[in-house]
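Take a first walk through this protein chain. Keep the sequence and the 3D view side by side as you read.

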Amino acid sequence: MNQIFTYLLCFYWLYALGLQAQTAKVSFELQFPQAQNNALLDGRAMVFLSTQDGAEPRFLVKDGPDTQLLFGADVEDWPSAKAFSVHSDNSFGYPIEALSALPAGTYYVQAMLHHYETFRRADGHTIKLPMDRGEGQNFRIAPGNWYSKPMRITIEANKAQVVKLVLDQINPPIRDPEETRYIKHIRIRSELLSKFWGRDMYLGAHVLLPEGFDQHPEARYPLIVNHGHFSAKFEGFRETPPPADMDTTDYSERFGIYGYNKIIQEEAYQFYKTWTSADFPRFIIIEVQHANPFYDDSYAVNSANIGPYGDAIMYELIPHIEQRFRGIGEGWARFTYGGSTGGWEALAVQVLYPDEFNGCFAACPDPIDFRAYTTVDIYKDKNAYFYESAFKQTPRPGKRNYLGQIEATLQEMNYRELALGNRSRSGDQWDIWQAVYSPVGDDGYPKPIWDKYTGDIDRSVAEYWRENYDLRHIMERDWATLGTKLRGKIHLYCGDMDNFYLNNAVYLAEEFLKKTSNPPYEGLVDYGDRAEHCWNGDHSQPNYISRLRYHTMYVKRILERIEQSAPKGADLKSWRY
């Protein structure tokens, strides 16, 4: 028995040494010929490696099992005439954490510098962040970012190598979207946000005008705010049918069907026909553009780190749009809906600005109860990445499919963000939640809800989140005053197999709402059987169709709500032509 044990032990160490022998000793030297006058650089240097031929490596890093590799390092006050080295001591990687553990082999490699700007905020903090440049906080295409052409390299085991990458490519500016008879684009300077950030800051919106807008100058219209992620144009509206010969060989892994791009365009054209039909209600719908230095949108609330976006949207942007496009301009004639991020925002603005909206339709909302912050209870759990146990370490799941099969853990998802940028600068999901909900840290950046590396939760930050952004807690805490203002306005929808476990928080919020009295909430909570993320309450269509029909999904209920709750003397006719 002892001989067998010794043999196995020796075999293990030989195997481990063999693996170690196959790892690379490589660094990447980034050169910046785009720079001028030896300017000092701030940003995030990123090196992408892929074993897949074809697509550029910068587009292949993701949460799922088919992700490729990324290593990131901070660049701060760096002379642009001097090459910058990304190596094991200054970088953090995903899904391989250390560059020293990179297996030998053949790769396609590409480097990028995601530029940061210096902000001197009104709160006295000076911080460095990537300003949105019209692309919606997408570092891959952000205008002005430098990158190298993909290059095929072979990394040899146990051989010190320096790979030189010349960042001689630059992302072009984003073109302004075109306007049509129905679609208009608004951009205004926000006084509130400019004061907070210490520089000019802007808000924008895509505006969908009703049929007959020009022919009925006397009409004033209800306003619907469709909240959601940044969009370069008004999504889901197409005034011409898609080409009959449109390519249908594209495959959607999520939905398991071919030709989904054409389906999207067909649905957009169908909405145009519905929108312009004789019996469709005449509303104004807007999609807000509020990308900021942390993310592709602000979450539409006031935040210590991001600024007073809630007030800026509510009291600067919306009145501007209503005045320009003849909106009624009163709370009884405003509604809001959205899914995912937009679902959270729809509920948040209804709860935090209860008199300004007459109903919210929140589908698959981001966590609305932080006892189910996806799979973490931030008030009770000690660690976000692993379940508590004396004898084993079980990772918390982060993403699943409708069968419950896990695609990524919470640790993996957060490590990907950490490779993209530290101090909440990844421009991605977990970091924006932290930037919106957290107090400002001593360094001027968002105070972490948990240690990004270990996952250990900061209880004091959790308490701050509870009192300011836990929507279920806020409703329960303030129902004595909020209840009458929210009665009949709250509608929640979620698939019971949401990919990000968002249904768990909806269950908890529903428990509270069902118990409300004096007054009862008189809204709706609905679930889709085995439905994944973006389910919006439509039981008659598969999710890949229903997710494309947000603009028409809630119209009937909005009309009923207006007729039931409009004040005496309200304009219920000028827009019903």
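The paragraphs below go from sheets to helices, then to empty spaces and unusual backbone spots.

This is a predicted model, in which local features need pLDDT of at least 70, side-chain atom pairs count only at pLDDT 80 or more, and totals for chains, interfaces and linings use all residues. Residues are numbered from 1 along each chain as its sequence is written, and side-chain values use heavy atoms, with hydrogens and water left out.

Start with the strands. Helices (H or I, at least four residues) and strands (E, at least two) are DSSP runs, numbered from the N terminus. Two strands pair if DSSP finds at least two bridges between them. One open sheet has eight strands, in the order β13-β14-β18-β15-β21-β22-β25-β26. Its pairing is mixed. The edge strands are β13 and β26 (524-528), and each pairs on one side only. From one strand to the next, the twist averages 20°. Such angles run from 0 to 180 degrees between N-to-C directions, and the axes are lines fitted to C-alpha atoms, for helices over the stretch in contact.

Now look inside that sheet. Strand β15 (residues 223-227) pairs with strand β21 (residues 334-339) in the parallel sense, over five bridges. Asn226 has Tyr337 in β21 as its bridge partner. At another place, helix α10 (residues 503-515) lies across β25 (490-495) and β26. Helix α10 runs at about 145° to β25.

A further open sheet has three strands, ordered β4-β1-β11, again with mixed pairing. Strands β4 (84-86) and β11 (160-166) stand at the edges with a single partner strand each, so one side of each has no neighbour in the sheet. Neighbouring strands here are turned by 25° against each other on average, direction ignored. Strand β1 (residues 25-31) and β11 run parallel, joined by seven bridges. Leu30 has Leu165 in β11 as its bridge partner.

Next come the helix pairs. Helix α5 (residues 341-352) packs with helix α9 (residues 471-486) at an angle of about 50°, and their axes are 10 Å apart. That angle makes α5 oblique to α9. The cut-offs are simple: under 35 degrees is roughly parallel, over 145 roughly antiparallel, 65 to 115 roughly perpendicular, and the rest oblique. Contact means heavy atoms within 4.5 Å. On the α5 side, the contact is made by Trp344, Leu347, Ala348, Gln350, Val351 and Leu352. On the α9 side are Leu471, Ile474, Met475, Leu482 and Leu486. By class, this contact has 10 nonpolar, one polar and no charged residues. Ala, Val, Leu, Ile, Met, Phe, Trp, Tyr, Cys and Pro count as nonpolar, Asp, Glu, Lys and Arg as charged, and the others, Gly among them, as polar.

Helix α6 (residues 410-420) and helix α7 (residues 429-437) pack at about 80°, with axes 8 Å apart. That makes α6 roughly perpendicular to α7. Leu410, Met413, Asn414 and Glu417 of α6 meet Gln429, Trp430 and Asp431 of α7. These contact residues divide into three nonpolar, two polar and two charged.

What about the empty space? On a 1 Å grid over the protein atoms alone, a cavity is a set of points where a 1.4 Å probe fits but cannot get out. A pocket is an open set with protein on both sides within 12 Å along at least five of seven lines, and lining residues have an atom within 4 Å of a point. Grid points are joined across faces, edges and corners, and a volume is the space filled by probe spheres set on the points.

The second largest pocket has a volume of about 610 Å³. Its lining holds 27 residues, of which Asp132, Gly134, Arg187, Phe230 and Gln289 lie nearest its centre. Strand β14 (202-208) gives the most to this lining, with five residues. The lining has 14 nonpolar, six polar and seven charged residues.

There are three cavities of 30 Å³ or more. The largest cavity has a volume of about 50 Å³. Its lining includes His114, Phe139 and Arg425.

Finish with the backbone. Most residues other than glycine have a negative phi, and most peptide bonds are trans. The bond from Tyr94 to Pro95 is cis, with omega near -5°. The bond from Asn518 to Pro519 is also cis, with omega near 5°. Pro519 lies in the loop between α10 and β26. Arg326 is not a glycine, yet has a positive phi of about 60°. Look for Arg326 in the loop between α4 (309-324) and β21.
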